[in-house]
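Here are a few short exercises to work through with the structure open beside you. Try each task before you read its solution.

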Amino acid sequence: MIETVIRKRIEILADQPLAGRVTSAIDEVGISGWSILPVTAGSGREGRWREERVTGADKVLVLTIASAEKAGALAERLAPILTSHGFLLTMWDVEVIRGERF
Amino acid sequence: MDSAVITSTFTSPVILFFVLGFAAALARSELSIPEAIAKGLSLYLMAAIGLKGGVAVARSGIGPDVAAAMAAGFVLSLLIPVGAYGALRAFGRLDKVNAGAVAAHYGSVSVVTFVTAVEVLQGVGLAPAGYMVAVLAIMETPAILTGLLLARGALGSSESRRGEMLHEVFLNASVVLLLGSFAIGAIAGPEGFEDVRPLFDAGFKGVLCLFLLDMGLIAARRLTASRALTWRLIVLAILFPVVNGVIGTLVGFAIGLDPGSTAALGVLCASASYIAVPAAMRLSLPEADPGVYLTMSLSVTFPFNILVGIALFAALTRALSGA
């Protein structure tokens, strides 16, 4: 049986121009990696939106996996700007193999 | 407005493709241009317009009218947001941050509106001078600085944030490609351009048609999805291009630009950015609502300029100059 450990998977929905702020925060709390995924359309409190490509209003999903301690540090760092920057942050427990990497 | 300009506008395939895209999106058609193709079209258009502008300058040389047009463009881009900001605060009832963000969009320019205007103006015998591409590039940036000063009283909250914003402003893809290809065109000259003419000249109008089809789709979809637009903001999004465009046309005429360049300066002043400025505002004023500034500039002002504004400033130029 492969041994797994529990880590936090964190997803932050952000406007594309602001994704750099999120990845900087991830780097600053010492999380070693992240990925950016495109998001094509959605709906929220501000209404519907979809990928426009030219306007800089497209959204991306920044994805990272970290220990509970680092995930907490990241959430604390981003919490003050979640509303002003329109970020949506979610995290939950996931099982990972090679837990020392996260 | 004279009938030749109106006929030229509404029989132009470029304009009609925009109308098709806008109507298709309003009718909730699933028509769309694939992402990679849309990006390719946009890169092609910017490279082509820059190259052609550079070649035109290489052919005509740089005279005092070039310096006058550039200086006028810079000053107008710097000052237009001030008036827009006052109207947005007093009539539009926006807060300081949102008013500053919207004002920056109206001082800056729309490359696609300019490219479309060049095609329409050429059709009515008012071809702008090649150097207007450089004026276009110059007018992208000053309004961003004015908008930020109006919204915040400063250009950024910290040095790193200011650096990030300035990087976006001066090195965004459209500015780099426009100015870079303008320089290439100026260096290569008419002889050098002959080698690449089949790609950048022959296909230009067709590509512009497809790009405007996509822009019509995007503009209408944003309009139908918007929840932030009030009737007051819609009124301003139509008034701003009229007032700013008339100012630009009068300034162009006053400084002695040729009729085509005068009309083009009017169009530049009338247009509102929806590519470079939104990204800069998202970085510098993240609390400003893109649902307000993008919907005003892209879904109201842009269609207004394509369908009415370009013809209006062409007609005004003709009336002023007798061209």
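**Exercise 1. The salt bridge between the chains**

Keep in mind that this is a predicted model. Find how many salt bridges the rule gives across the interface of chain B and chain A, and which side chains are involved.

Solution.
- Step 1: Apply the rule across the interface of chain B and chain A, and one salt bridge turns up.
- Step 2: Look for the partners, which are the side chains of Arg282(B) and Asp15(A).
- Step 3: Check the N to O distance, which is 2.3 Å, against the cut-off of 4 Å.
- Step 4: Turn to polar contacts, where the rule finds four residue pairs across this interface, with both residues at pLDDT 80 or more.

**Exercise 2. The side of chain B that touches chain A**

Work out which elements of chain B give two or more residues to the side that touches chain A, and which gives the largest share.

Solution.
- Step 1: Collect the elements with two or more residues there: α3 (35–60), α9 (159–171), α11 (204–225), α14 (276–284) and α15 (290–321) of chain B.
- Step 2: Pick out α11(B), which supplies the largest share with seven residues.
- Step 3: Sort this side of chain B by class, giving 15 nonpolar, ten charged and no polar residues.
- Step 4: Count the contacts: 25 residues of chain B touch 18 residues of chain A.
- Step 5: Add the area buried between the two chains, about 1900 Å², with 52% of it from carbon and sulfur atoms.

**Exercise 3. Two packed helices**

Decide how α14(B) and α15(B) are oriented: roughly parallel or roughly antiparallel?

Solution.
- Step 1: Take the angle at which α14(B) and α15(B) pack, about 170 degrees, and note that their axes are 11 Å apart.
- Step 2: Since an angle over 145 degrees counts as roughly antiparallel, α14(B) is therefore roughly antiparallel to α15(B).
- Step 3: Name the residues in contact: Pro278(B), Met281(B) and Arg282(B) from α14(B), with Pro290(B), Tyr293(B) and Leu294(B) from α15(B).
- Step 4: Group these contact residues into five nonpolar, one charged and no polar.

**Exercise 4. A salt bridge within chain B**

Explain why the salt bridge of Asp201(B) and Lys52(B) ties together parts that are apart in sequence.

Solution.
- Step 1: Locate the pair, whose side chains meet at 3.4 Å, N to O.
- Step 2: Asp201(B) lies in helix α10 (residues 173–202) and Lys52(B) in helix α3 of chain B, so the pair links parts 149 residues apart in sequence.
- Step 3: For the wider tally, the rule counts ten salt bridges over all chains.

Key. Residues are numbered from 1 along each chain as its sequence is written. Chains are lettered from A and ligands numbered from 1 in the order in which they are written. This is a predicted model: local features need pLDDT of at least 70, side-chain atom pairs count only at pLDDT 80 or more; totals for chains, interfaces and linings use all residues. Side-chain values use heavy atoms; hydrogens and water are left out. Contact means heavy atoms within 4.5 Å. Buried area is the accessible area (1.4 Å probe) that two parts lose on being put together, summed over both. A polar contact is a pair of N or O atoms within 3.5 Å; within protein, one must be able to donate a hydrogen and the other to accept it, and residues adjacent in sequence count only if both atoms are side-chain atoms. Helices (H or I, at least four residues) and strands (E, at least two) are DSSP runs, numbered from the N terminus. Ala, Val, Leu, Ile, Met, Phe, Trp, Tyr, Cys and Pro count as nonpolar, Asp, Glu, Lys and Arg as charged, and the others, Gly among them, as polar. Axes are lines fitted to C-alpha atoms, for helices over the stretch in contact, and angles run from 0 to 180 degrees between N-to-C directions. Angles under 35 degrees count as roughly parallel, over 145 as roughly antiparallel, 65 to 115 as roughly perpendicular and the rest as oblique.
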